[in-house]
Amino acid sequence: MRSIYFLLILSLFIYSSSSNVGYKLAQCAKEQYGKPFKTGGNGPDYFDDFGLVYYCMKQLNLPCFIDRKSQAQQGKKISYSELQPGDVLYVYDKKYNLISAIIYYGYGKVIYTTYTKGVIINNIANLNYEHHYDYRRNY
């Protein structure tokens, strides 16, 4: 019976630890809200989508690739229903060209950059459904 309690406590600890990292990653992205867009920008003053993911992961001392193709391959592939704060949505166009990276904040909100507004927070329901999304947990 003690081993069952131990496993239960251990699994709760592991879950809360990983979700805590995701929450911190989402918070880091949120703190960049309003900062301007710049192609190749990886912080702290300017960002593009992949640079925002890279910057926030580096702030938490998590391994992350700076180049977009490698970044989109790292981590564990997950489904839409498994999304948790800090997970990343890699966006592909109809021809499967990698075009963007979006951080899931939670509560149906996502954080990413636009050319005109810089780092923004938006509803996940407002994303373009003509694109293909690859969901990944990078922590």
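Which residue in S4 does Tyr-104 stand opposite? That was my opening puzzle, and I found Val-110 there. A reminder to myself before going on: I am reading a predicted model.

**Entry 1: the strands around S4**

I started with the partners of S4. Strand S3, residues 98-106, runs antiparallel to S4, and I found three bridges joining the two. Next I looked at the turn. S3 and S4 make a hairpin that leaves two residues between them. Tyr-107 sits in that turn, and I noted its positive phi of about 55 degrees.

Then I turned to strand S5, residues 118-123. S4 and S5 are paired by six bridges, again in the antiparallel sense. I looked up one residue pair here: Tyr-112 has Ile-120 in S5 as its bridge partner. These two strands form a hairpin as well, with three residues between them.

**Entry 2: how enclosed is S4?**

I wanted to know how many of the six residues of S4 are buried. I found that five of them are, so strand S4 (residues 109-114) is largely enclosed by the rest of the structure. My reasoning used the cut-off for buried, which is under 20% relative accessible area.

**Entry 3: the largest pocket**

I looked up the volume of the largest pocket and wrote down about 440 Å³. Its lining has 19 residues, and those closest to the centre are Asp-49, Ile-99, Ser-100, Tyr-112 and Thr-113. So much for single residues; which elements supply at least two residues of the lining each? I found helix H2 (49-59), S3 and S4. I also sorted the lining by residue type: nine are nonpolar, seven polar and three charged.

**Entry 4: the nonpolar cores**

Which residues touch the most other members of the largest nonpolar core? My list reads Leu-52, Val-53, Cys-56 and Tyr-90, in a core of 23 residues. Two or more residues come from each of helix H1 (2-31), H2, strand S2 (88-92) and S3. H2 gives the most to this core, with six residues.

I also found a second, separate core of 13 residues. Among its members are Leu-89, Val-110, Ile-124 and Leu-127. I was pleased to meet Val-110 again, the residue that Tyr-104 stands opposite.

**Entry 5: a closer look at Tyr-90**

I ended with the contacts of Tyr-90, leaving aside its neighbours within four places in sequence. Among them are Phe-50, Val-53, Leu-98, Ser-100 and Ala-101. Further along the chain, the contacts of Tyr-90 include His-132, Tyr-133, Asp-134, Arg-136 and Asn-138.

Terms used. Residues are numbered from 1 along each chain as its sequence is written. This is a predicted model: local features need pLDDT of at least 70, side-chain atom pairs count only at pLDDT 80 or more; totals for chains, interfaces and linings use all residues. Side-chain values use heavy atoms; hydrogens and water are left out. Buried means under 20% relative accessible area, exposed over 50%, partly exposed in between (1.4 Å probe, protein chains only). Helices (H or I, at least four residues) and strands (E, at least two) are DSSP runs, numbered from the N terminus. Two strands pair if DSSP finds at least two bridges between them. On a 1 Å grid over the protein atoms alone, a cavity is a set of points where a 1.4 Å probe fits but cannot get out, and a pocket is an open set with protein on both sides within 12 Å along at least five of seven lines; lining residues have an atom within 4 Å of a point. Grid points are joined across faces, edges and corners, and a volume is the space filled by probe spheres set on the points. Ala, Val, Leu, Ile, Met, Phe, Trp, Tyr, Cys and Pro count as nonpolar, Asp, Glu, Lys and Arg as charged, and the others, Gly among them, as polar. A nonpolar core is a set of buried Ala, Val, Leu, Ile, Met, Phe, Trp, Tyr and Cys residues joined through side-chain atoms within 4.5 Å. Contact means heavy atoms within 4.5 Å.
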